[in-house]
Amino acid sequence: MLGLLINEMEQKEIEYLLKRELEELLLDLGDSRIDQMVKRAMRERYRNLFQLLRRVASEQECMKYMPKRQENQ
């Protein structure tokens with residue numbers, strides 16, 4: 001386990017960057033031109049970034065980015 005000390009401004013910046021990346025991934029996941037193998041890697045990245053967001057954002061903010069359940073993965 002690792003620890004990290006950051007101030008409130010740094011926390012807000014990390015939260016902002018994570019949200020932007022998650023939004024970008026959501027847009028790309030909706031693109032039908034992207035191969036399913038690539039989308040699988042993107043979904044894994046999304047899950048990892050979401051776990052980071054959970055550590056710095058409020059519960060209400062996290063609910064907006066909650067990963068959807070995929071039946072066919």
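The points below describe a predicted model of a protein, from its overall make-up to two charged residues.

1. Overall make-up. The protein contains three helices and zero strands. Read from the N terminus, its elements follow the order α-α-α. Along the principal axes, its C-alpha atoms fill a box of roughly 40 × 25 × 20 Å.

2. Burial and surface. The protein has 73 residues, and 26% of them count as buried. Its accessible surface is about 6300 Å². Carbon and sulfur atoms account for 52% of that surface.

3. Contacts along the chain. Among the contacts with a separation of 6 or more, 52% are between residues 24 or more positions apart. One pair of residues far apart in sequence is lysine 19 and alanine 57, with their positions 38 residues apart in sequence and 9.7 Å between their C-alpha atoms.

4. Charge. There are 14 positive and 14 negative side chains. The centres of these two sets lie 5 Å apart.

5. Nonpolar core. The largest nonpolar core consists of 13 residues. Leu22, Leu53 and Tyr65 have the most contacts inside it. Helices α1 (8-29) and α2 are the elements that give two or more residues to this core. The largest share is that of α2, with six residues.

6. Tyrosine 65. Leaving out residues up to four places away in sequence, tyrosine 65 touches Lys19, Leu22, Glu23, Tyr46, Phe50 and Leu53. Two of the residues with the most contacts inside the largest core, Leu22 and Leu53, are thus listed among the contacts of tyrosine 65. Charged side chains are on the list too, including Lys19.

7. Lysine 19. This residue lies in helix α1. Is lysine 19 buried or exposed? Its relative accessible area is 16%, and because the cut-off for buried is under 20%, lysine 19 counts as buried. Apart from neighbours within four places in sequence, lysine 19 is in contact with Leu53, Glu61 and Tyr65.

8. Arginine 45. Helix α2, residues 36-56, holds arginine 45. Arginine 45 is partly exposed because its relative accessibility is 41%, and that class runs between the 20% limit for buried and the 50% limit for exposed. Which residues does arginine 45 touch, not counting those up to four places away in sequence? They are Glu21 and Leu25. With glutamate 21 there is a polar contact of 3.3 Å between the side chains. Leucine 27 is 18 residues from arginine 45 in sequence, and the C-alpha atoms of these two residues are 14 Å apart.

9. The two residues side by side. Lysine 19 of helix α1 is buried, whereas arginine 45 of helix α2 is partly exposed. The contacts of lysine 19 include Glu61, and those of arginine 45 include Glu21.

Terms used:
Residues are numbered from 1 along each chain as its sequence is written. This is a predicted model: local features need pLDDT of at least 70, side-chain atom pairs count only at pLDDT 80 or more; totals for chains, interfaces and linings use all residues. Side-chain values use heavy atoms; hydrogens and water are left out. Helices (H or I, at least four residues) and strands (E, at least two) are DSSP runs, numbered from the N terminus. Buried means under 20% relative accessible area, exposed over 50%, partly exposed in between (1.4 Å probe, protein chains only). Contact means heavy atoms within 4.5 Å. A polar contact is a pair of N or O atoms within 3.5 Å; within protein, one must be able to donate a hydrogen and the other to accept it, and residues adjacent in sequence count only if both atoms are side-chain atoms. A nonpolar core is a set of buried Ala, Val, Leu, Ile, Met, Phe, Trp, Tyr and Cys residues joined through side-chain atoms within 4.5 Å. Accessible areas come from the Shrake-Rupley method with a 1.4 Å probe; for residues, only the protein chains shown count as cover. Lys and Arg count as positive and Asp and Glu as negative; His and the chain ends are not counted. The place of a charge is taken as NZ of Lys, CZ of Arg, CG of Asp or CD of Glu.
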